[in-house]
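Me: Could you walk me through reading the packing in a model like this one? I'd like the general idea before the case at hand.

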Amino acid sequence: MNNVAVTGSGVFTPRQVITNDELVAAFNAYADRRNAEGADPSIPHSSSEFIRSASGIEQRFVLDKSGVLDPDRMYPRLPARPDDAPSQMAEMAVAAATDALAQAGVDAGAVDAVICAASNHERAYPAIAIEIQELLGTGGFGFDMNVACSSATFGIQAAADMIRAGSIERALVVNPEICSAHLEWRDRDCHFIFGDVCTALVLEREDLAGGDRFLIESTRCATQFSNNIRNNDGFLRRTRDAMDDRRDMQFMQNGRKVFKEVLPMVASHIADHMAAEGWQADDLKRMWLHQANKSMNDFIGRKVLGRVPTPEEQPNILQDYANTSSAGSIIAFAQHSADLQPGDRGLICSFGAGYSVGSVLLTRV
């Protein structure tokens, strides 16, 4: 069995930013219009204070802010592209992957597999991953996968397993998340949650790595079915005569149940994974957690370490990026890993709809 290392990371960040104040102004204008039309029940106003208190989010990056901030629209404008032009997801992925390959010092042609792991895909087929493969000029094969907010860690495990087994030598795991497209911006309870981004990681057989790297010591994934985070959109929508603008075709969640049920599952998953590998809480130099909600991360951090983590031990990026689904933990890793020294240990963990949870134990080499 081959050892596997993460040798490069990249993040594509959209240029447009929506602050909480901008978002609240647009939402409240929408609420005022709907209430004047006789909305029943009436729609309460949002506020920046409410958003910060509920989530810790202060802003989010998006591909298009004009449509989101239009009270008559409240969703992004992303024009259709011809079939011979790069798709939106593939374009984002190429940008992030190019940076990751440069950091790893790896030529795209040396990559054997591309995994496009994301919570929503722009189309059913051909696979976005194969398009990314074509645009980058990588070899081998590519495929898409979706495990919602855990897609990145599940993608890491899939790639690492193939490298360990010897079927490939190098892989790209890319996470292009256009969360603004499936968020219901007209729902006060969730209108602030998501942003857009793309992340990428290069995984290699460790003996091929030429520079700084993180050895993947172990990976573990788990799922448990729940309807508490759901999106009913899909290719059968037309067959069900459900083409109207329906609430269940966008992001939906029962936040209180998710908080109550997911957090114990995640804390237990991490503890069991570490125990199985003989790791103690004091061994962890850093935790790169899924960036959904600051209170959730704080809860998990306390459970794992048995105390309140320092900002260095548990870096958060959601105040700037908001929830970017599967990409959040990888943004945190990309931005807060260069300072670790050889021998330092860390944990990547993501969790979400499914329910799903994935964890990756890493050692800086």
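**Cores and a helix pair**

Reply: Nonpolar side chains tend to be buried together in soluble globular proteins. Here the largest nonpolar core has 48 residues, and those with the most contacts inside it are Val-266, Ile-270, Leu-284, Ile-300, Val-304, Cys-349 and Phe-351. A nonpolar core is a set of buried Ala, Val, Leu, Ile, Met, Phe, Trp, Tyr and Cys residues joined through side-chain atoms within 4.5 Å; buried means under 20% relative accessible area (1.4 Å probe, protein chains only). This is a predicted model: local features need pLDDT of at least 70, side-chain atom pairs count only at 80 or more, and totals for chains, interfaces and linings use all residues. Residues are numbered from 1 along each chain as its sequence is written, and side-chain values use heavy atoms, leaving out hydrogens and water.

Me: Which element gives the largest share of this core?

Reply: That's α6, with seven residues. Helices (DSSP H or I, at least four residues) and strands (E, at least two) are numbered from the N terminus.

Me: And what does Ile-270 touch?

Reply: Skipping residues up to four places away in sequence, Ile-270 touches Ile-300, Val-304, Leu-347 and Cys-349; contact means heavy atoms within 4.5 Å.

Me: How do I read a helix pair?

Reply: Two packed helices are described by the angle between their axes and the distance between the axes. The axes of α3 (residues 88-104) and α4 (residues 128-136) come within 9 Å and cross at roughly 55°. Axes are lines fitted to C-alpha atoms over the stretch in contact, with angles from 0 to 180 degrees between N-to-C directions. α3 and α4 are therefore oblique to each other, since angles under 35 degrees count as roughly parallel, over 145 as roughly antiparallel, 65 to 115 as roughly perpendicular and the rest as oblique.

Note on methods. Buried means under 20% relative accessible area, exposed over 50%, partly exposed in between (1.4 Å probe, protein chains only).
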